[in-house]
Amino acid sequence: MGRRGVTRAVRDGALLVVGDVITDVVARHRGPLAPGTDTAAAIRTVPGGAGANVACWAARWGGAEVRLVGRVGRDAAAWHERELAACGVRPLLVVDEGAPTGTVICLVDEGAAAERTFLTDSGASLRLDPGDWSDALLDGVARLHLSGYLLFTEPSRAFVAVALAAARGRGVPVSLDPASAGFLAELGADRFRALVDGVDVLLPSRDEACLLTGSSDAVEAAALLSRHVPLVVAKLGAEGALLARSGAVYARVPAVPATPRDTTGAGDAFTGAFLASLLAGAGPERAAAQGCGAGARAVETIGGRPPSSA
């Protein structure tokens, strides 16, 4: 949007995603890195960011309108707007004149697990602040989703507080994906729980759920988190997902078999398809099954966005 706030109303039933918009540099290599010398790799630059990826998967998976609020530098704003629109997302981007677009270097080992390591320069992505919020952003919105990356800087934490209060005031349900076990360790579990008070659905990975509870068992961790958040959907990768309410796991959803090429964005794909399915009227279990299907599709795709045929 290139300015602070949005005042345009849209039709009912939209999903509003707020989160990071990132330029990903994906380097796929086979075997260990060779310190001090060259390691052969296939390198691509693709659009990414957890919030943006969720929005794109939601738009491709369901029929509802999906909008994305994020902050980018002027250096890549037009490119990101085009890429989001191509995925069916309505981009509402704040252009930051003082910081470049965030960049992540994704090192992907082409071994059997296709595991990845991220080197992150958040740039403009975590500089959203309350001045970027307008209550009109919720016009016609059926659900608000927040990327957990917003909790890792003071300005964006203040943005989250304002957005949560506005959503509560309008009766709009809110979901949140914790986003990063590494950043969560710095933030602290107690502070995280205080910051997400009022969230209706929490979508942690196994590592995030365990870190937030101090438990090494995913089932116990999901159950413990559901004492603080009404619905917890724990994403377990190749083991599917767990759903927990009121201190107990009540459903297990199996994974969809896949041959992994790049696990970047698999959790975002799950979240996007899960939210799109909820908006389409599915219950949480059915929505989680859709999420597992999207996650399987994602690990067979290079980068964090859905393939054009998804």
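How much space lies in the largest pocket? About 1400 Å³, going by this predicted model. The close-ups below start there and then move on to other parts of the fold.

**View 1. The largest pocket and the residues around its centre.**
Here we're looking into the pocket with about 1400 Å³ of space. Its lining runs to 47 residues, and those nearest the centre are Arg116, Ser205, Thr263, Ala266 and Gly267. Quite a few elements chip in with two or more residues each: the strands β2 (22–29), β6 (102–109) and β7 (116–121), plus the helices α1 (50–61), α6 (206–213), α8 (266–279) and α9 (284–299). The top contributor is α9, which supplies five residues. If you're thinking about the chemistry of the wall, the split is 22 nonpolar, 15 polar and ten charged residues.

**View 2. The second largest pocket, with β3 and α2 in its wall.**
This pocket has a volume of about 230 Å³. It's lined by 16 residues, with Val46, Pro47, Glu83, Arg305 and Pro306 closest to the centre. Two elements give two or more residues to the lining, namely β3 (42–48) and α2 (77–86). Of the elements involved, β3 gives the most, at four residues. Sorted by class, the lining comes out as seven nonpolar, five polar and four charged.

**View 3. The four-stranded sheet.**
Four strands make up this open sheet, in the order β3-β2-β6-β7, and the pairing is mixed. At the edges sit β3 and β7, each of which pairs on one side only. Going from one strand to the next, the twist averages 20 degrees. Zoom in on β2 and β3 and you'll find an antiparallel pair joined over seven bridges. One spot to pick out is Val26, whose bridge partner in β3 is Arg44. Helix α2 lies across β2 and β3, and runs at about 80 degrees to β3.

**View 4. The nine-stranded sheet.**
This one is an open sheet too, with nine strands in mixed pairing and the order β5-β4-β1-β8-β9-β10-β11-β12-β13. The edge positions go to β5 (89–96) and β13 (248–253); each has a single partner strand, so one side of each has no neighbour in the sheet. Helix α2 turns up again here, packing on the sheet and touching β4 (66–73) and β5, with its direction at about 165 degrees to that of β5. Elsewhere, α9 lies across β11 (231–235), β12 (241–245) and β13, and runs at about 45 degrees to β13. For a look at the strand pairing itself, try β8 and β9 (residues 174–177), which pair in the parallel sense over four bridges. Within that pair, Leu146 stands opposite Leu176 in β9.

**View 5. Gly295 in helix α9.**
Is Gly295, a residue of helix α9, buried or exposed? It's buried, with a relative accessible area of 12%; that counts as buried because the cut-off is under 20%. Which residues does Gly295 touch, leaving aside its neighbours within four places in sequence? The contacts are Ala266, Ala269 and Phe270. Ala266 is also one of the residues nearest the centre of the largest pocket. Thr263, another of those central residues, is 32 residues away from Gly295 in sequence, with 8.7 Å between the two C-alpha atoms.

**View 6. The largest cavity, with α1 and β8 in its wall.**
How many cavities of 30 Å³ or more does a search of the whole structure find? It finds two, and the largest has a volume of about 40 Å³. Ala50, Gly51, Val54, His145, Ser147, Gly148, Asp177, Ala179 and Asp268 line it. Both α1 and β8 (141–147) give two or more residues to this lining, and α1 has the largest share with three. By class, you get three nonpolar, four polar and two charged residues.

**View 7. The second largest cavity.**
The last close-up shows a cavity with a volume of about 30 Å³. Its lining consists of Leu15, Ala58, Gly62, Gly63, Ala64, Val66, Ala276 and Leu279. Six of these count as nonpolar and two as polar, with no charged residues in the lining.

Terms used
Residues are numbered from 1 along each chain as its sequence is written. This is a predicted model: local features need pLDDT of at least 70, side-chain atom pairs count only at pLDDT 80 or more; totals for chains, interfaces and linings use all residues. Side-chain values use heavy atoms; hydrogens and water are left out. On a 1 Å grid over the protein atoms alone, a cavity is a set of points where a 1.4 Å probe fits but cannot get out, and a pocket is an open set with protein on both sides within 12 Å along at least five of seven lines; lining residues have an atom within 4 Å of a point. Grid points are joined across faces, edges and corners, and a volume is the space filled by probe spheres set on the points. Ala, Val, Leu, Ile, Met, Phe, Trp, Tyr, Cys and Pro count as nonpolar, Asp, Glu, Lys and Arg as charged, and the others, Gly among them, as polar. Two strands pair if DSSP finds at least two bridges between them. Axes are lines fitted to C-alpha atoms, for helices over the stretch in contact, and angles run from 0 to 180 degrees between N-to-C directions. Contact means heavy atoms within 4.5 Å. Buried means under 20% relative accessible area, exposed over 50%, partly exposed in between (1.4 Å probe, protein chains only).
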